[in-house]
Amino acid sequence: MRKTFFKTLLTLMVLALPMALVSCSDDDDIKVGVPEYGPPSDVVDGIYYFFYDNGITATATVYGCVTGSDIVVIPTTVTYYDITYDVTSIESDAFYHCSSLTEVTIPNSVTSIGQRAFAGCTALKVLTIGESVTSIEWYAFDNCTALEMVDYRATACTSTGSFSYPVFNGCTSLAKAIIADNVETIPAYLFYNSDLTEVTIGSSVTSIGDGVFEGCSSLTEVISLNPEPPVCDGTSVFSFTTYNKCILIVPEGSKDKYASADEWKNFSNIKEEVASE
């Protein structure tokens, strides 16, 4: 009986080993070695990585940071045992509830951000999303209640949460978003149901996905820098309440175009930005 008990206990301990790979470890000195159940992993400059090398390409996945990290700049590459790895993804739950994190820069090498990757980072204020991100999974920044500004630069992103699982859900302090001039398409539901108050849409944006600003009941100013009104996919890029209380600011000489374009024509207050000399 005793022997059976200890065998059962040992089995449970082994099964619990993967849980040792947690984001934002409570122990700053923890070092993760080479687990038998997965790829090599370790901490480099305060960030935890999984390392993959198939002899042709070497890539790294971020899966957490040490306790107390406030500003995290994820590098484009990381060197581990004399091998340089491209940092290409951020694991689901990687920075989950990292309450000390205040600023994150996601580099151009990263292509995917996993589910709840930064959920519950209640001190996070500034977020920069790099050019190469193609997928931001559901609730990636859920309940980042201090988040004030998002600098969005992703040029080929096609997946950003969904109607049921919005990326910026519960970001109650989100005041401003900047869509960079290199972005042509804003993917569906990117800022759905967030507390965004002001957005600047870059001059190269030609298409805005369904539901991008739907549910943004606090939105008071939209600045669109493209002289040609971007095509709005679907019928609910903005909420109906937005049209009456939000100011739409467009480039000089383009007011009439916006006033006759689908979705844009619903704004009751369209103003032209006078070009600076």
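**Surface and overall make-up**

I began with the accessible surface of the chain, which in this predicted model comes to about 13,500 Å², with 53% of that area belonging to carbon and sulfur atoms. I then looked up burial, and found that buried residues make up 45% of the 277 residues in the chain. For the secondary structure I noted three helices and 20 strands. Turning to contacts between residues at least 6 apart in sequence, I recorded that 47% of them join residues at least 24 apart.

**Nonpolar cores**

I next asked which residues have the most contacts inside the largest nonpolar core. This core has 72 residues, and the ones with the most contacts inside it are I90, F95, F118, F141, F191, F213 and W264. When I looked at where its members come from, strand β3, which spans residues 58–65, gave the largest share, namely four residues. I also found a second, separate core of five residues, among them V43, Y48, F50 and V66. As background I wrote down that nonpolar side chains tend to be buried together in soluble globular proteins.

**Aromatic rings**

A search of the whole structure gave me 25 aromatic pairs. I looked more carefully at the pair formed by F51 and Y80, which is stacked, with 4.1 Å from centre to centre and 0 degrees between the planes. Because F51 lies in strand β2 (residues 47–53) and Y80 in strand β5 (residues 77–80), this pair ties together parts that are 29 residues apart in sequence. Both partners count as buried, F51 with a relative accessible area of 3% and Y80 at 10% relative accessibility.

I then followed the ring pairs that link residues into a cluster, and listed F95, F118, F141, F168, F191, F213, F238, F240, Y243, Y258, W264 and F267 as its members. Among these, F95, F118, F141, F191, F213 and W264 had already appeared in my notes on the largest core, as residues with the most contacts inside it.

**Cysteines**

How many disulfides does the structure hold? I found zero. C121 is in no disulfide, and the nearest cysteine sulfur, that of C98, is 5.1 Å away; since a disulfide needs the two sulfur atoms within 2.5 Å, I did not count this pair. C121 is buried, with a relative accessible area of 0%, and C65 also counts as buried, at 1% relative accessibility.

**S224 and L225**

I took these two residues together. S224 is found in strand β17, residues 221–224, whereas L225 lies in the loop between β17 and β18, the latter at 231–232. Are they buried or exposed? At 1% relative accessibility S224 counts as buried, while L225, at 37%, counts as partly exposed.

For S224 I noted a polar contact of 2.7 Å that joins its side chain to that of Y258, a residue I had already listed in the ring cluster. Leaving aside neighbours within four places in sequence, S224 is in contact with I201, P230, I249, V250, P251 and Y258. With neighbours up to four places away again not counted, L225 touches D181, T200, I201, G202, S203 and P251. I201 and P251 therefore stand in my contact lists for S224 and for L225, with contact taken as heavy atoms within 4.5 Å. I also looked up L225 and E273, which are 48 residues apart in sequence and 9.1 Å apart in space, C-alpha to C-alpha.

**S194**

S194 lies in the loop between β14 (185–186) and β15 (198–201), and at 2% relative accessibility it counts as buried. What does its side chain reach? I found the backbone oxygen of F191 at 2.9 Å. Beyond its neighbours within four places in sequence, S194 is in contact with F168, L174, G215, C216 and S217. The C-alpha atoms of S194 and S173, which are 21 residues apart along the chain, are separated by 9.2 Å.

**Positive phi**

I closed with two residues that have a positive phi although neither is a glycine: D82, at about 65 degrees, and N143, at about 55 degrees. D82 has its place in the loop between β5 and β6 (83–90), and at 78% relative accessibility it counts as exposed. N143 is found in the loop between β10 (135–136) and β11 (149–152), and at 36% relative accessibility it counts as partly exposed.

Technical notes. Residues are numbered from 1 along each chain as its sequence is written. This is a predicted model: local features need pLDDT of at least 70, side-chain atom pairs count only at pLDDT 80 or more; totals for chains, interfaces and linings use all residues. Side-chain values use heavy atoms; hydrogens and water are left out. Helices (H or I, at least four residues) and strands (E, at least two) are DSSP runs, numbered from the N terminus. Buried means under 20% relative accessible area, exposed over 50%, partly exposed in between (1.4 Å probe, protein chains only). Accessible areas come from the Shrake-Rupley method with a 1.4 Å probe; for residues, only the protein chains shown count as cover. A nonpolar core is a set of buried Ala, Val, Leu, Ile, Met, Phe, Trp, Tyr and Cys residues joined through side-chain atoms within 4.5 Å. A polar contact is a pair of N or O atoms within 3.5 Å; within protein, one must be able to donate a hydrogen and the other to accept it, and residues adjacent in sequence count only if both atoms are side-chain atoms. Rings of Phe, Tyr and Trp (its six-membered ring) pair if their centres lie within 6.5 Å; planes under 30 degrees apart count as stacked, over 60 as edge-to-face and the rest as tilted.
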